[in-house]
Amino acid sequence: FLFLLARRVWCARTALAAVAIAEVSPYLTWYGGEARNYGLWFLAVCLSWWLLARAAPGRPRSLDVVAWGAADGAGLLIHLFHAFAILTQWAVIAAVARATPRGAPRRALIAAAAMGTLVTFLVFLPWAAVLATTAAPAGGLGVNWTRPPSAANLAALPYALVFGFSWGPGLREAHAGRFA
């Protein structure tokens, strides 16, 4: 999907270069080798951006818009950080809508964005209900993304994203102890 996205936005030669760079990217290699969901999340990110690129120009097809919303919903189910990809997509949609002359094309783009967002919300809604009703662990130990969501944890996530730590024990420290 990274190749398809880059080919749609630029050209096949640039798409091949993007895929080659992704193959040797230290970030993707490190996180893709872990027994967590980062490789699958990267797939969801590339898929959702490709579907958005397919849906954005002209009059978007409903199937593309629904698939885009479902891919974003799946991305949120895989990793809550997918919210940052969705916010970036909304910023791109807003910029494209602003540059689009008033009339039917702009209305179609805004309607497509609303429909895709609704599908994303509907896909994520069951998991959001689980997150909202899960009790916090006693003591609140662990890294921020393993704790139930709270205002304090949400504020810590961008900080952890930029500075690379979580205001808690590191992964090695958190996983070195015995199970209780």
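Helices here are DSSP runs of H or I with at least four residues, and strands are runs of E with at least two; both are numbered from the N terminus. The model described is predicted. By these terms, the chain holds nine helices and zero strands. Its pattern along the sequence reads α-α-α-α-α-α-α-α-α.

The chain has 180 residues, and 31% of them count as buried. Its exposed surface comes to about 11600 Å². Carbon and sulfur atoms supply 70% of that area. Contacts were also sorted by separation in sequence. Among those between residues at least 6 apart, 54% join residues at least 24 apart.

Two cysteines illustrate two levels of exposure. Cys11 has a relative accessible area of 34% and is partly exposed. Cys46 is buried, at 6%. Cys46 falls in the buried class because its value is under the 20% cut-off. Cys11 is classed as partly exposed because its 34% lies between the limits of 20% and 50%. A disulfide is a covalent bond between the sulfur atoms of two cysteines. The disulfide count for this model is zero.

How many cavities of 30 Å³ or more does a search of the whole structure find? The search returns two. The largest cavity encloses about 50 Å³ of space. Ten residues line the largest cavity. Nearest its centre lie Leu52, Ala55, Leu109, Ala112 and Ala113. Three helices each supply at least two residues of this lining: α4 (38-55), α5 (62-78) and α7 (104-133). The largest share is three residues, and it comes from α7. In character, the lining of the largest cavity divides into ten nonpolar residues, no polar and no charged.

The second largest cavity holds about 30 Å³ of space. Its lining consists of Trp68, Asp72, Ile86, Trp90, Gly116, Thr117 and Thr120. Two or more of these residues come from each of α5, α6 (82-99) and α7. Helix α7 again gives the largest share, three residues. The lining of the second largest cavity divides into three nonpolar residues, three polar and one charged.

Leu52 links the account of the largest cavity to the packing of the helices. This residue belongs to helix α4 and is among those nearest the centre of the largest cavity. Is Leu52 buried or exposed? Leu52 is buried, because its relative accessible area of 7% is under 20%. Beyond its neighbours within four places in sequence, Leu52 is in contact with Trp68, Gln89 and Ile93. Of these partners, Trp68 also appears in the lining of the second largest cavity. Val92 lies 40 residues from Leu52 in sequence. In space, the two are 9.8 Å apart, C-alpha to C-alpha.

His79 offers an example from a loop. The residue sits between α5 and α6. Its relative accessibility is 12%. His79 therefore counts as buried, the limit being 20%. Which residues does His79 contact, leaving aside its neighbours within four places in sequence? The partners are Asn37, Tyr38 and Trp41.

Technical notes: Residues are numbered from 1 along each chain as its sequence is written. This is a predicted model: local features need pLDDT of at least 70, side-chain atom pairs count only at pLDDT 80 or more; totals for chains, interfaces and linings use all residues. Side-chain values use heavy atoms; hydrogens and water are left out. A disulfide is a pair of cysteine sulfur atoms within 2.5 Å. Buried means under 20% relative accessible area, exposed over 50%, partly exposed in between (1.4 Å probe, protein chains only). Contact means heavy atoms within 4.5 Å. Accessible areas come from the Shrake-Rupley method with a 1.4 Å probe; for residues, only the protein chains shown count as cover. On a 1 Å grid over the protein atoms alone, a cavity is a set of points where a 1.4 Å probe fits but cannot get out, and a pocket is an open set with protein on both sides within 12 Å along at least five of seven lines; lining residues have an atom within 4 Å of a point. Grid points are joined across faces, edges and corners, and a volume is the space filled by probe spheres set on the points. Ala, Val, Leu, Ile, Met, Phe, Trp, Tyr, Cys and Pro count as nonpolar, Asp, Glu, Lys and Arg as charged, and the others, Gly among them, as polar.
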